[in-house]
Amino acid sequence: MSNDTIELNFKADTFEEAISQAIVAALGSGMSPREIIAQLIARDFLRDPGNNALEDVVRTLADMAEQMRSDRPTPIG
């Protein structure tokens, strides 16, 4: 596990928005999808979906992270 802790914005309009923002921020900071889900489950923000579904969620988050990385502009200089 990393030393990073997923942070929720408790001022978000909805719980779903807070979770979504936290996931995007954590992916953007380089936290692994597996770590993100593990922290959300450990803090009772998500229920454990079981092994097969968990792997699907982790894979989807990994795909999102890759998409986020490819969408970043290339620094000039």
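This passage walks through the nonpolar core and the salt bridges of a predicted model. Local features are taken at pLDDT of at least 70 and side-chain atom pairs at pLDDT 80 or more, while totals for chains, interfaces and linings use all residues. Residues are numbered from 1 along each chain as its sequence is written, and side-chain values use heavy atoms, with hydrogens and water left out.

Start with the inside. The largest nonpolar core (buried Ala, Val, Leu, Ile, Met, Phe, Trp, Tyr and Cys residues joined through side-chain atoms within 4.5 Å; buried is under 20% relative accessible area, exposed over 50%, partly exposed in between, with a 1.4 Å probe and protein chains only) has 18 residues. Ile-6, Ile-23, Leu-27, Ile-36, Ile-37 and Leu-40 make the most contacts inside this core. H1 (15–28), H2 and H3 each put in at least two residues, and H1 gives the largest share, with 6. Helices here are DSSP runs of H or I, at least four residues, numbered from the N terminus. Leaving aside residues up to four places away in sequence, Ile-23 touches Ile-6, Ile-36, Leu-40 and Leu-61 (contact means heavy atoms within 4.5 Å).

On to the charged pairs. The structure has 2 salt bridges, each a side-chain nitrogen of Lys or Arg within 4 Å of a carboxyl oxygen of Asp or Glu. Arg-34 pairs with Glu-55 at 3.1 Å, N to O. That pair ties helix H2 (residues 33–42) to helix H3 (residues 51–71), across 21 residues. Arg-34 is partly exposed at 43%, and Glu-55 is partly exposed at 32%.

Asp-56 and Arg-59 form a salt bridge, also 3.1 Å from N to O. These two sit about one helical turn apart, because 3 residues separate them in helix H3.
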